[in-house]
Amino acid sequence: MATLSMADIRWRARRDPGGGPPIFSVMFLTEHDRRATAAAAGVRDYLAGLAGRRRAEYDPDVVVAIAGERRLGHGLAAGCFDFYAWTARTLAEELGEERARHLTDAGIDTPSGLRLRLFDQVNQHDGGYVPSGRRDEALARLARSLGLAGEDGPALDAALRLDAEEEALLAPPETAPSVVEVLARYNRAALATVLRQSERIVFTLHQPAGGTIRRLYAWCRRLGVYADIERAGLETDVLRLTLAGPDAVSAAPASTGPRLALVALRLLRALGTHDTAAAHLHVNERPYRLLLTRVLLDVPGLALTARDRDIDSPAYDSQVEEALAAAFAALQRQGRAAGWRLVREPAPLLAGRRVIIPDFALDRGGLRVYLEIAGFWTPGYLAKKRAALAQLPADTRLIIAVPDGSLPAFADLPFPLVAYREAMAPQPVLDAAARFDALAARTAGGAERLRAACAASAGWLALRELGPLLGCYTDGEVAQALAAAPPPPGWQDIPGAGLCSTALRNRLSTALSVHWQEAGEGARLTLAGVRALGVSPLPETDEALLALLATLPACRLAHESLFEPAVLPRESAVSEPADRLQRPVEVAATPPPRSRPRRTTARAPALF
Amino acid sequence: MTPVVDIHLRGNDLLLVPHPPEALGALPAGAGLRHDPRLGGWRALPLLLPEIERALGPAARLHFDPRPVLPFLPTVSRAPRPYQREALAAWQSAGGRGVVVLPTGAGKTHVAVMAINALRLWTVVLVPTLDLLAQWRAALAEGLGAPPEMVGVVGGGERELRPLTVITYESASRHPRLLTHFGLLVADEAHHLPAAGYRRIAEAAVAPYRLGLSATPERADGGHAALDVLLGPEVFRREPEELARTGYIAPYRERRLRVALSDAERAAYTEHVRTYRGYLAARGLQVRTAEDFERLVLRRSGGDPMAYAALRAHQEARRIAFGAGSKLETVEQLLERHRGERVLIFSEYNAAVEELGRRLCLPVIVHSTPPAERRAVLERFRAGAYTVLATGRVLNEGVDVPDASVAIVLSGSGTRREYIQRLGRILRPKAGEAVLYELVTRDTAEPRVASRRRQPVGVR
């Protein structure tokens, strides 16, 4: 972006009727300003005429003369130099390929290297300097030492200062900029320059949506602009978002103005009718206020460009957050997120008058746990953040993820900490979140709900139905819940698959026995064959059906193929008395030790 | 109940919590306390800690250690020079706060080493440039016999907070909380500290003991008065002439050589002066000070074409006077006279020094010199492989410039600091006399500028 100094900005100030610091206004350039457009065209054409010429030929006084005044001339030239650039020539371009190869062979590939070689020679042979009358001799000697002819001295003389600023050549753009484009670049640079003088920029927002605030805040942080949000008072919904000035921005000073301008313009777009914004400036050691209104967005160069918009909707404000969200999404795809849903832009939390916008929230069954990620911040920012978090009520459901080295700074806060190094794994976060969601509380009343569900069922309750019934989110939690509250009489737990009624087991056993009696004992059944026996309801998934079959004394599973086991009669089972087959299988009051069903070709499905 | 004031560190401030509230009554009215109802206490700048402690006496109950002791025993092997010992004694008599003024090359670093050795507290050293960062690190390790792991630097991409830490002003101003760990604050080139962006460093530092070092503490904006508060008063000063007499810095001569403009230069100079004066007369203005010039010429030049023409005429006239062609010829004669000696040439204008370098095939360091070339030139000059080096203002301070025996000031500003710093480049003790040549173009404004830089602050 073009860079300007305050001396290049056209501005004026007027008295603040409210008695505050004078109101500062920048005189932006528009296409309706004939003088500005004529000057912009003149400056642009002057530069176009210099294309391919040396910088030494560029005369800033010409630019001033074209514009009629210094500020406008310098400002427009700065705008043009966003399109035109000074470029240095290479040694090969100056000396020709052949001579340049000699230099390369001598280990010299820059004008700087050539100069050092000259200085070395001068100090070896001439006592530190060359009298002006013997300069040509020194250059000829330099040429000869590099394998060139002594006559090449003058060519080397030019090469010696090839990287000097005044030797750079003006490279034009492919297409000359339009006048409005030049004005736009000037305007953006002018706003950036003025905002670089700001101590702070304050936005007063009336009843903004939480999501809006969250996005704005994330946006500020992404651009390295420190932002603070607080309520204007304890009994009001008016929020005050304060952008710290360049002193607090963690970036090179030259980039702070453009960053502040970009953030300010983005925030301006989000302003409501009653919202206000003002930058508090110091110019020539006097305080001023620059009122920022949406009118600015109509000024050429201040409407956000396509390039601005690339970063207009930041996905995340840091790589840490982005990586966490991606890892969490993968966990969800694998069904291992334990029912948690990752929410961005949760509603802000209030800590006294301070407003804290956590990075994420984790939602599950009406419970929300906030996650604040302490990034790799400056000590000052870390301290501010810590102080703000300390203001939150101790019972806030909040997890703080902290870089390893910063753990001690947060250790005395009453919230669980999750340490990370460069990237954050989601599982420790989920484990920490689960601590806010006690299993005992969730499963209270689960036995009654289970009994009612069993009574209403035709004989099979799949594992995915058991989770919600018992208030559980993982297989492990279901196992724990069933251990504490066993299935009602007449029902058996099929570990990793579901609950099966004794009646259904008996019907299935009987159907299998009948099939084998009719088809002969050597007849194999596939799972589809089992389903074709007409017993209902059977588990929906093959894995669950296999788990159920594995518990039946009437059959055995033969893993003869990689794809699907065969269902065969158990030898001893077929010789069992018929009355045994018809007698209901007793289910022990205490369930047998749980073990997961043998994995077959596919992994047992997770709950969700 | 015995009154007690709990003193904590909160953010960049001290937090004073009195029990009972009246316990703060012992503090003077000017202690700059700000009530913080949120934390139920009073905030104060860490700078004021010694005063607060003194006023509260035994009622002060600190919840942090403002005087952390070094975890190793320093050993200073080098014997101090008498004036260094005097400087330390003066600083100690002032309660361990104050500014020591010594010329470049007089061993200011060793005074700091002695102060650290005397206090044996965690120490932070503020320096203005990355060059000095490395220089101080080596000096502390060597001067105090400190194990390498005890000395760290913050700045230039490094971030090692150690019992002896060297930090740039820039880093310290960005991260003032880093300064809460130290008992002694040393500010090298202390004249930088009163600058608006750097004052907060001194304000946020807890260090009860403070030592400022400078060859030229005076600031054109009068900001040096603030050093009294930020570091303490000036406690010791030695001028170059005094130390030269005692042989602790090189004896030196200052010679002003007057040169003349060529006819063409004179005509152009006169024309530019006429343009400038014409503007002042036309507008009925009088420029007596630098502030007048900024207000009446510089700022007005933005929108007033005549003011702009006057500004450009002023710049051109100055460039002609400062860069008179005969100066280059004189430099050549001086180099011939001092052939074989180590010579530093200083110029106000880069263009003049670049022209000189080009004409005489001299190594030149200006702001645009590539870093690798700059390093190579300085190293070879230090090693004696190069004997002449020309530079603009970029080497005025904060760079470890090798010693020379001859300085040629082709042109310079009117500031005494720049002059003293340039003089300091030839003052390290050596066999023989050092000499500083000042080339001044007669019948121009330059002699007045040259005289101004020799005057002590307050005289001009």
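A contact here means heavy atoms within 4.5 Å. With that cut-off, take the pairs in chain B whose residues lie at least 6 apart in sequence: 72% of these contacts join residues at least 24 apart. For chain A, the share of such contacts that join residues at least 24 apart is 65%. The model behind these values is predicted.

**The two chains**

The table sets out the chains side by side.

| Chain | Residues | Buried residues | Helices and strands | Accessible surface | Carbon and sulfur share of surface |
|---|---|---|---|---|---|
| Chain A | 608 residues | 48% | 25 helices, 21 strands | about 28200 Å² | 52% |
| Chain B | 460 residues | 53% | 16 helices, 19 strands | about 19100 Å² | 52% |

In words, chain A has 608 residues, and 48% of them count as buried. Its secondary structure runs to 25 helices and 21 strands. Chain B has 460 residues, with 53% buried. Chain B holds 16 helices and 19 strands.

**The interface**

Chain A and chain B touch. Each side brings 39 residues: 39 from chain A and 39 from chain B. In chain A, the residues that lose the most area to chain B are R70(A), F119(A) and Y129(A). Together these three account for 21% of what the chain A side buries. The area buried between the two chains is about 3100 Å². Carbon and sulfur atoms give 49% of that area.

Charged pairs also cross the interface. The count is 4 salt bridges between chain A and chain B. One pairing joins the side chains of D61(A) and R312(B), with N to O at 2.7 Å. Polar contact across the interface involves 19 residue pairs, both residues at pLDDT 80 or more.

Which helices of chain A each supply at least two residues of the side that touches chain B? They are α2 (60–67), α3 (70–80), α6 (111–125) and α14 (379–390). Of the chain A elements, α6(A) gives the most to this side, with 8 residues.

What is the make-up by class of the side of chain A that touches chain B? That side has 14 nonpolar, 11 polar and 14 charged residues.

Technical notes: Residues are numbered from 1 along each chain as its sequence is written. Chains are lettered from A and ligands numbered from 1 in the order in which they are written. This is a predicted model: local features need pLDDT of at least 70, side-chain atom pairs count only at pLDDT 80 or more; totals for chains, interfaces and linings use all residues. Side-chain values use heavy atoms; hydrogens and water are left out. Helices (H or I, at least four residues) and strands (E, at least two) are DSSP runs, numbered from the N terminus. Buried means under 20% relative accessible area, exposed over 50%, partly exposed in between (1.4 Å probe, protein chains only). Accessible areas come from the Shrake-Rupley method with a 1.4 Å probe; for residues, only the protein chains shown count as cover. Buried area is the accessible area (1.4 Å probe) that two parts lose on being put together, summed over both. A polar contact is a pair of N or O atoms within 3.5 Å; within protein, one must be able to donate a hydrogen and the other to accept it, and residues adjacent in sequence count only if both atoms are side-chain atoms. Ala, Val, Leu, Ile, Met, Phe, Trp, Tyr, Cys and Pro count as nonpolar, Asp, Glu, Lys and Arg as charged, and the others, Gly among them, as polar.
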